Amino acid sequence: MLIPVLIVITAVAAGWSLVAGRLERRHVRAPLVLVLAGVVTGLFTHSEIAATLNSQIAQRVAEIILAVLLFVDATELRGGRLFGRDPGAAARVLLVAMPLSLGATVLLGGLLLPELPVAALLLIACIVIPTDFAPAEILVRDRRIPARVRSVLNVESGYNDGIVSPLFLFALVLAGSTTEKRTPGEALATTVPFALKALVAGALIGALLAWLMNLAQRADWMTAQSGRITVLVVPLLVYTSTTAMHGNGFVASFVAGVAFRYVRRAPQRHGAAEPGGSEFQLIEDTSALMTMVMWFFFGNAVVFTFVVGPDWQVLLLCAAALTVLRIGPVLLSLLGSRLGRRERLMVAALGPRGTTSIVFGLLAFNALPDGTAANSALDSMVLVVLGSILLHGGGSLAIARALRGSPRSRREQAPADAQRG
């Protein structure tokens, strides 16, 4: 099954690459193309989908992809600011709104799905709450959206998966994965040392490699190509080294990205200052290819979910996660912030789900024992991402324009946006 899947993925990726410019002008992006390919493939192989998704190979691939994405997210923000242009608002969304959304999702899940244990509900919350801009990446570039709103959304998308990862792994341990269940104390006793090792390993390896690259650059020992390869190797080295020490490789990859970004002294990431392009170009292209793989498997999961048939309770929970369970906590967290009323509404309404939810959903489906909990986790992933594609992929700019206000307010906002970003 693996070889045919690889043939389909590579053939579709090659075909999309050849006409990417033409398709993107019509707002047809790689995730949509790979999802359609995954759906078509799944329709012909739906009897084998569960075995493909629930395998050691799929789990390891998802883990490596998540490690690279966490590193890339942590290095993505520009300007040397931990929380972007409006650190207060970004910190509120990450440290207040997101925990409130996670808690509210667990509570609502307990009412809708009383047969599931708290650990499984927490896993589902970790799947459906983190935002990701793969389905609606145009949002963070569209100048019609206020710069402060784009900054907060960009910071949230970059950091929330790194913050949720330890909680996700704690919930997996608490659920028992494919072994016996554990008490909360036993789960904490397992995950806290993992997290501490990850913090130390990620910070040391990320900072050390960035410092060594600075020295090599000053001595003129590196080439543009070797610099790009080194950046790509960092998350792989961090993840494998940390897991070998029985640490949390996801947290380590995220921390390494933060440390690397602050220590590395290099030409601007998105500029053309380096011969051969930015040293982040290779890892960004690799992460884009890895994301395509995840969207293909998401298409497979869509077929599996709808062939079996999702529960209406899971559908209602995902609909709430995309709307009230995000909008309410975000608006509450931003009370008293510098953002205006319409800007707060934009931040609350524009929260797409994407690759992070897919990876977490596949990991949960793979790690949990077969049964209701594993199927509910996979169904939650499929429904929340599909709902986000419909709500945010096509309607996000319409939502933003509707919340932007009157023509007069738009004219007043434009100079400020131009000055900020």
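This is a short walk through one protein chain, from the overall fold to a few single residues.

A word of caution to start. The model is predicted.

Let's begin with the whole chain. It has 421 residues, and 52% of them count as buried. The secondary structure is quickly told: 18 helices and 0 strands. Now the contacts. Take those with a sequence separation of 6 or more. Residues 24 or more positions apart supply 81% of them. And the outside? The accessible surface is about 18400 Å². Carbon and sulfur atoms hold 66% of that surface.

On to helix packing. Two packed helices are described by the angle between their axes and the distance between the axes. I have three pairs for you, and two of them involve α5.

Pair one is α5 with α6. Helix α5 covers residues 87–112, and helix α6 covers residues 118–128. The angle is about 130 degrees, with the axes 9 Å apart. That angle makes α5 oblique to α6. The crossing is right-handed. Which residues of α5 and α6 make the contact? From α5 come Leu-102, Thr-105, Val-106, Gly-109 and Gly-110. From α6 come Leu-121, Leu-122, Ala-125, Cys-126 and Val-128. Sort them by class and you get 7 nonpolar, 3 polar and no charged residues.

Pair two is α5 with α13. Helix α13 is residues 324–333. Here the axes come within 8 Å and cross at roughly 145 degrees. This crossing is right-handed. On the α5 side, look for Arg-92, Val-93, Val-96, Ala-97, Leu-100, Ser-101, Ala-104, Thr-105 and Leu-108. On the α13 side, they meet Leu-325, Arg-326, Pro-329, Val-330, Leu-332 and Ser-333. By class, that is 10 nonpolar, 3 polar and 2 charged residues. Keep an eye on Thr-105. It appears in the contact with α6, and it appears in the contact with α13.

Pair three leaves α5 behind. Helix α9 runs over residues 224–244, and helix α11 over residues 281–308. Their axes lie 7 Å apart, at an angle of about 50 degrees. These two helices are therefore oblique to each other. Helix α9 brings Arg-228, Ile-229, Val-231, Leu-232 and Pro-235. Helix α11 brings Gln-281, Leu-282, Ile-283 and Thr-286. The classes here are 6 nonpolar, 2 polar and 1 charged.

Now some single residues. First up is Ile-129.

Where does Ile-129 lie? In the loop between α6 and α7. Is Ile-129 buried or exposed? Its relative accessible area is 6%, and the cut-off for buried is under 20%, so Ile-129 is buried. What is Ile-129 in contact with, beyond its neighbours within four places in sequence? Met-98, Ser-101, Leu-102, Thr-105, Ala-321 and Arg-353. So Thr-105 turns up again, this time touching Ile-129. There is a long-range pairing as well. Ile-129 and Cys-318 are 189 residues apart in sequence, yet 9.2 Å apart in space, C-alpha to C-alpha.

Next, Thr-41. This residue is in helix α3, which covers residues 30–53. With a relative accessible area of 16%, Thr-41 is buried. Leaving aside neighbours within four places in sequence, Thr-41 is in contact with Val-8, Phe-296 and Asn-300. Val-8 is 33 residues away along the chain, and its C-alpha is separated from that of Thr-41 by 8.2 Å.

Then Asn-154, which sits in helix α7. Asn-154 is partly exposed, at a relative accessible area of 28%. Asp-132 is 22 residues from Asn-154 in sequence. In space the two are 9.0 Å apart, C-alpha to C-alpha.

Last, two backbone oddities. Asp-220 has a positive phi of about 60 degrees, although it is not a glycine. Look for Asp-220 in the loop between α8 and α9. Asp-220 is exposed, with a relative accessible area of 64%. His-246 is not a glycine, and it too has a positive phi of about 60 degrees. His-246 is in the loop between α9 and α10. At 54% relative accessibility, His-246 counts as exposed.

To recap: 18 helices, 0 strands. Thr-105 of α5 is in the contact with α6, in the contact with α13, and in contact with the loop residue Ile-129.

Definitions and conventions: Residues are numbered from 1 along each chain as its sequence is written. This is a predicted model: local features need pLDDT of at least 70, side-chain atom pairs count only at pLDDT 80 or more; totals for chains, interfaces and linings use all residues. Side-chain values use heavy atoms; hydrogens and water are left out. Helices (H or I, at least four residues) and strands (E, at least two) are DSSP runs, numbered from the N terminus. Buried means under 20% relative accessible area, exposed over 50%, partly exposed in between (1.4 Å probe, protein chains only). Contact means heavy atoms within 4.5 Å. Accessible areas come from the Shrake-Rupley method with a 1.4 Å probe; for residues, only the protein chains shown count as cover. Axes are lines fitted to C-alpha atoms, for helices over the stretch in contact, and angles run from 0 to 180 degrees between N-to-C directions. Angles under 35 degrees count as roughly parallel, over 145 as roughly antiparallel, 65 to 115 as roughly perpendicular and the rest as oblique. A crossing is left-handed if the near helix is turned anticlockwise from the far one by less than a right angle, and right-handed if clockwise. Ala, Val, Leu, Ile, Met, Phe, Trp, Tyr, Cys and Pro count as nonpolar, Asp, Glu, Lys and Arg as charged, and the others, Gly among them, as polar.
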